[in-house]
Amino acid sequence: MYSNIIKGYTSSTGNSSAPSCPTKSPVSDICSFSKTIAQYDNLIQCGSLKEDGQQRDVLQQLGPLQKILKTYCNSIYLKPPTPEIKPNDDNSELHKGEDPKLTKTHNEGSASHKKEEPPPPPPPPPPRGFYIYGGVGTGKTMLIDMFYSHVENSRKKRVHFNWFMLDVHQRIHRRKQSLPKRGLGKMFTYDPISLVAMEISSETCLLCFDEFQVTDIADAMIVKQLFETLLKTGVVVVATSNRPPDDLYNNGLQRDTFLPFIHVLKEYCQTICLDSGIDYRRLDKAAAGRLYYLTREPDAEAVMDALFDELALRQKSVTGPRVLRVQGREVTLRKTCGSIADCTFDELCARPLGAGDYLEIAGCCDTVFIRHVPRLTLTLKDQARRFITLIDNFYDHKVRVVLLAVAPLDQLFVHSGGEDGRDRQLLDDLGLSGAAEERLTLFTGEEEIFASQRTISRLMEMQTEMYWIQGDRSNSNSRS
């Protein structure tokens, strides 16, 4: 299932391994940009959206790029440079075994008959993409989806940034596995990141990302090298984020080595701030019923049990454990029935699970009960980080959640907590001073605090009737 979801991003559009440029379609009555604006206007007229001048301005700025992408192909940036042959290099294959004096005379004689051709001019710079950032619930994801749906280019991909990085790690792993075994005592260096970037560049010329973020040093180093190659090989990037570019990987470990990427990103992408100060997910919307329970409420567990049983009656399955296989590992969900899972917080977030595991659950479940969610203090920042990733994956796949927590939703994340002995041990292992504990996000939980706002906003929307209806897969076999 995990591979099926990822396949939607990685699958090529043709049988040929070479990039194929889109053919120019007949001129339509309405251009792509006009269709996007028309869709936005229709949503306002039917009451699904409220007029927002900033959102409209973003769509207008994206319009010219839609037109350019209709006939754009990045193949001219993928040609490897012609190898330079130095005539005076005695070790070159061309002159091996030749008399250097004769070679020199020959070269001087031939130069009078044939002038060296000048190198071809460099290709024009690729179109600039967009980096759209702003507060939670301001409509960034909606706008990028509208833009993407009306881009008339077959070599385009739209993916959540977490899934993209999962796929990149898989590609890197496959390339490393394909290397010949190293002999005893033999050392060699191998850098697969640039090769993976070229591979992706040959598959697509437009990448649309949702939730562009960098939270750990491993991804920071990969992102820097990967995206420098992607952007310079003509891949147009349109991304959303809650952070401005200059705040990416803020206070991260060895951030100095990441900073050059920010300059490249701003060179190849125009930055737009979308921050009206309104979280549209918090506006009054019809609720789907009671989906958030507090542990202190009497009979809360019994009510959730009854809801699970009611939903299970519609499933053509029996209740029992389910084993998921994720990248060679087994992840067991103790209580499932068809597309419903009944889990505890510790089962999902206290174990060492990640985005790939949550993506697998999102692929096979449309409803997940999460019981005994604690108050998420900084002492529990590892669990909080997993919970944030879990909700990000569930939200993007319209997975419905029913929660039982110790605190109301707006009090679930607490930006304080006691010291964690593991942090002190890690500081010692890394040879860092105590000052680093107050500065680096690895220890301060700054990234989790920042992302918690997005999680709360999304959980509020996930309790609405519209979200609950959209997440019902009972009449769809697309994610079976």
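This is a short dialogue on reading the features of a predicted model.

Me: Where do I start with sheets? In which two senses can strands pair?

Reply: Strands of a sheet pair through backbone hydrogen bonds, and the sense is either parallel or antiparallel. This model offers an open sheet of 5 strands, in the order 2-3-4-1-5. Its pairing is parallel.

Me: Which strands are the edge strands of that sheet?

Reply: Strand 2 and strand 5, residues 269-273. Each of them pairs on one side only. From one strand to the next, the twist averages 10 degrees.

Me: How many bridges join strand 1 and strand 5?

Reply: Strand 1, residues 129-133, pairs with strand 5 over 5 bridges, in the parallel sense. To see the pair, find Ile132, which stands opposite Ile272 in strand 5.

Me: Which helix packs on this sheet?

Reply: Helix 3. It touches strand 1, strand 3 (206-210), strand 4 (236-241) and strand 5. The direction of helix 3 makes about 160 degrees with that of strand 1.

Me: Let me stay on helix 3. Is Gln66 buried or exposed?

Reply: Buried means under 20% relative accessible area. Gln66 has 2% relative accessibility, so it counts as buried. It lies in helix 3, which spans residues 53-69. Its side chain also has a partner: a polar contact of 3.0 Å joins it to the side chain of Thr36.

Me: Now the other sheet. What is the strand order in the sheet of 6 strands?

Reply: The order is 6-11-10-9-8-7. This sheet is open too, and its pairing is mixed.

Me: Why is one side of strand 6 and of strand 7 left without a neighbour in the sheet?

Reply: Strand 6 (292-294) and strand 7 (320-326) stand at the edges. Each has a single partner strand, so one side of each has no neighbour in the sheet. Here the twist averages 30 degrees from one strand to the next.

Me: In which sense do strand 7 and strand 8 pair, parallel or antiparallel?

Reply: Antiparallel, over 6 bridges. Strand 8 covers residues 329-337. Look for Arg322, which stands opposite Leu333 in strand 8.

Me: Which helix packs on this sheet?

Reply: Helix 10, residues 300-312. The strands it touches are strand 6, strand 8, strand 9 (340-344), strand 10 (367-373) and strand 11 (400-405). Its direction makes about 165 degrees with that of strand 10.

Me: Next, backbone angles. What sign of phi do most residues other than glycine have?

Reply: Most have a negative phi. Asp299 has a positive one, near 65 degrees. Asp299 sits in the loop between strand 6 and helix 10. It is exposed, with a relative accessible area of 58%.

Me: Where is Gln327, and what is its phi?

Reply: Gln327 lies in the loop between strand 7 and strand 8. Its phi is near 50 degrees, again a positive value in a residue other than glycine. With a relative accessible area of 49%, Gln327 is partly exposed.

Me: How do I read empty space? What does a rolling probe show?

Reply: A probe the size of a water molecule, rolled over the atoms, shows where empty space is left. In this model, the largest pocket holds about 1,300 Å³ of space. It is lined by 45 residues. Nearest its centre lie Leu49, Met142, Tyr395, Lys398 and Glu461.

Me: Which element gives the largest share of the lining of the largest pocket?

Reply: Helix 5, with 7 residues. Other elements give two or more residues, including helix 1 (2-10), helix 2, strand 2 (156-160) and helix 13 (381-396).

Me: Where is Leu49, and which residues does it touch?

Reply: Leu49 lies in the loop between helix 2 (32-45) and helix 3. Leaving out residues up to four places away in sequence, it touches Tyr40, Leu43, Ile44, Met142 and Met146. The C-alpha atoms of Leu49 and Tyr280 are separated by 9.0 Å, though these residues are 231 residues apart along the chain.

Me: How many cavities of 30 Å³ or more does the structure hold?

Reply: There are 3. The largest cavity has about 70 Å³ of space. Its lining includes Glu211, Phe212, Asn242 and Arg454. Helix 17 gives the most to that lining, with 3 residues.

Definitions and conventions
Residues are numbered from 1 along each chain as its sequence is written. This is a predicted model: local features need pLDDT of at least 70, side-chain atom pairs count only at pLDDT 80 or more; totals for chains, interfaces and linings use all residues. Side-chain values use heavy atoms; hydrogens and water are left out. Two strands pair if DSSP finds at least two bridges between them. Helices (H or I, at least four residues) and strands (E, at least two) are DSSP runs, numbered from the N terminus. Axes are lines fitted to C-alpha atoms, for helices over the stretch in contact, and angles run from 0 to 180 degrees between N-to-C directions. Contact means heavy atoms within 4.5 Å. Buried means under 20% relative accessible area, exposed over 50%, partly exposed in between (1.4 Å probe, protein chains only). A polar contact is a pair of N or O atoms within 3.5 Å; within protein, one must be able to donate a hydrogen and the other to accept it, and residues adjacent in sequence count only if both atoms are side-chain atoms. On a 1 Å grid over the protein atoms alone, a cavity is a set of points where a 1.4 Å probe fits but cannot get out, and a pocket is an open set with protein on both sides within 12 Å along at least five of seven lines; lining residues have an atom within 4 Å of a point. Grid points are joined across faces, edges and corners, and a volume is the space filled by probe spheres set on the points.
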